[in-house]
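Okay, thanks for making time for this one. I'd like to walk you through a single model, so have it open on your screens and follow along.

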Amino acid sequence: MIKVAIAGASGYAGGELVRLLSNHPDVVITHLFVSAQSVDANKAICELYGNLRRKCALSLEPLDEQVAQGLSKDECDVIFLATDHKVSHDLAPLFIDNGIVVIDLSGAFRLSDKDTFAKYYGFEYGQRQAQLLQERVYGLVDWVDAKKIEEASLISMPGCYPTASELAIKPLTANGLLDESMVVVINAVSGVSGAGRKAKLNNSFCEVSLNAYGIFNHRHMPEIAEYAQTKVIFNPHLGNFKRGILATITAKLVSGVSDEQLKNAYESAYGQMDSANCDELTSLVRFKSGTVKLQDVQQEPFCDISYTRDGDYIVITSAIDNLLKGAASQAIEAMNIHFKLPRCRCLL
């Protein structure tokens, strides 16, 4: 059995990790952690999330550097960090140096350029963290060589907006179909759960009224540009619904791209989901000819993608659940790959 710990287990993504991993036949959850200052410390996880009452009764242990240093590989094979960026930055080396694989859901190790990271995240890498940055694997699982994930000690998971955007754009850039004379424009709307569980006035459900934010300075813009391998303008929006992301992406194709080339680019990237057996699936991206709807992916681990073209212009729509394909379920896909298990095990 794979021994798993989850840090930040009281948050929305952490709670989804607990829910999914409680059903995983090859996993035993050994520790659930929260910040030592958290009001949820020492509470049972099922007190916070009633849907876990018959799944997990573990208590939320306070986590600090001393506790992290004392966590051994004998009690933990892999730890998921559903924590603040700075917390992940500080604690990841401690776990890795103890032989524990780290799957980090924060943005601490996503950006390859250290100066860009400091600009968008507000702090600089420490010496050990800078070393780990060179070794980490970016966990966009549908586009990463499985061998790299298998061998990684640090897997940095994509953000939720980047997951929806990169999965939609990469079939174009990978096949040379994108005309880069036009910057790709991404308009994406997220539910309020994307802002996390901690209450703030500007993301309180009653205060949200479908507004744009972070124009030209959102930290996900350089991440999308780096891994989609093209310049982007990213316009995030906050919607008055709980969960999910819908991204509408406008781009220009190189002249002469045929409909068949476009269809083949997406179908060859993500294949056909023709199996009812979760263990036989090799991708949870569904390329669709019809309309992509947010309701089709809420509470589900899929990314749905479709496109419409008009001559050399294309509008791609991409929908995910921000807490699942944009966070917890994609992180579990990475764990399954690392331990050479069927990639989609326990996710459907």
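I'll go through aromatic rings, then helices, then a few single residues.

Before anything else, keep in mind that this is a predicted model.

Let's start with the aromatics. Count ring pairs with centres within 6.5 Å, and you get ten aromatic pairs. Take Phe117 and Phe123 as one of them: the ring centres are 5.2 Å apart and the planes sit at 90 degrees, and since anything over 60 is edge-to-face, that's what we call this pair. Both of these phenylalanines, Phe117 and Phe123, are buried.

Now look at Tyr266 and Tyr307. Here the centres are 5.5 Å apart and the planes are at 35 degrees, so this pair goes down as tilted. What I like about it is where the partners come from. Tyr266 belongs to helix H10, residues 259-270, while Tyr307 is in strand E13, residues 303-310, so to speak a link between distant parts of the chain, 41 residues apart. Tyr266 and Tyr307 are both buried too.

Back to the phenylalanines for a second. Phe117 and Phe123 belong to one aromatic cluster, together with Phe109, Tyr121 and Tyr125. And Phe123 has a lysine on it: Lys86 lies over the face of that ring, 5.6 Å from the ring centre. There's another lysine doing this elsewhere, with the charged end of Lys170 over the ring of Trp143, at 5.1 Å from its centre.

Okay, helices. Find helix H4, residues 85-97, and helix H6, residues 127-135. Their axes come within 10 Å and cross at roughly 70 degrees. That angle is in the 65 to 115 range, so H4 and H6 count as roughly perpendicular to each other. Which residues of H4 and H6 meet? On the H4 side you have His89, Asp90, Pro93, Ile96 and Asp97, and on the H6 side Arg128, Gln129 and Leu132. By type, the residues of this H4 and H6 contact come out as three nonpolar, two polar and three charged.

Next, how many of the ten residues of helix H1 are buried? Eight, so H1, residues 12-21, is largely enclosed by the rest of the structure. If you want to click through the buried ones in H1, they're Ala13, Gly14, Gly15, Glu16, Leu17, Val18, Leu20 and Leu21. The cover over them includes strand E1 (2-7), strand E2 (27-35), helix H2 (45-48), strand E4 (78-81) and helix H11 (328-338).

And H11 is itself mostly covered: eleven of its eleven residues are buried. Among them are Glu333 and His338. Just after H11 you reach Lys340, with a positive phi, near 60 degrees.

Now for some single residues, beginning with buried ones. His220 is in helix H9, residues 220-228. Its relative accessibility is 8%, so His220 counts as buried. Leaving out residues up to four places away in sequence, His220 touches Arg110, Gly159, Cys160, Tyr161, Pro162 and Phe234.

A bit further on, Thr230 is in the loop between H9 and strand E10 (232-238). Loop or not, Thr230 is buried, with a relative accessible area of 7%. With the same exclusion of residues up to four places away in sequence, the contacts of Thr230 are Ile169, Thr173, Leu178, Glu180, Val184 and Ala225.

Then there's Ala247, in strand E11, residues 245-252. Buried or exposed? Ala247 is buried, at a relative accessible area of 0%. Again setting aside residues up to four places away in sequence, Ala247 touches Ala164, Ile186, Asn187, Ala188, Ile316, Thr317 and Ser318.

Last stop, two exposed residues with a backbone angle to look at. Asn42 isn't a glycine, yet has a positive phi of about 75 degrees. You'll find Asn42 in the loop between E2 and H2, and Asn42 is exposed, with 56% relative accessible area. Phe216 is another non-glycine residue with a positive phi, near 65 degrees. Phe216 lies in the loop between strand E9 (211-212) and H9. The relative accessible area of Phe216 is 55%, so Phe216 counts as exposed, whereas Phe117 and Phe123 from the start of the talk are buried.

That's my tour, so let's open it up.

Note on methods: Residues numbered from 1 in each chain as written. Predicted model: local features only at pLDDT ≥ 70, side-chain atom pairs only at ≥ 80, totals over all residues. Heavy atoms only, no water. Phe/Tyr/Trp six-rings, centres within 6.5 Å; stacked < 30°, edge-to-face > 60°. Buried < 20%, exposed > 50% of the residue type's maximum accessible area, 1.4 Å probe, protein only. Helix = DSSP H or I, 4+ residues; strand = E, 2+ residues; numbered from the N terminus. Lys NZ or Arg CZ within 6 Å of the ring centre and 35° of its normal. Axes fitted to C-alpha atoms, helices over the stretch in contact; angles between N-to-C directions. Parallel < 35°, antiparallel > 145°, perpendicular 65-115°, else oblique. Contact = heavy atoms within 4.5 Å. Nonpolar A, V, L, I, M, F, W, Y, C, P; charged D, E, K, R; others polar.
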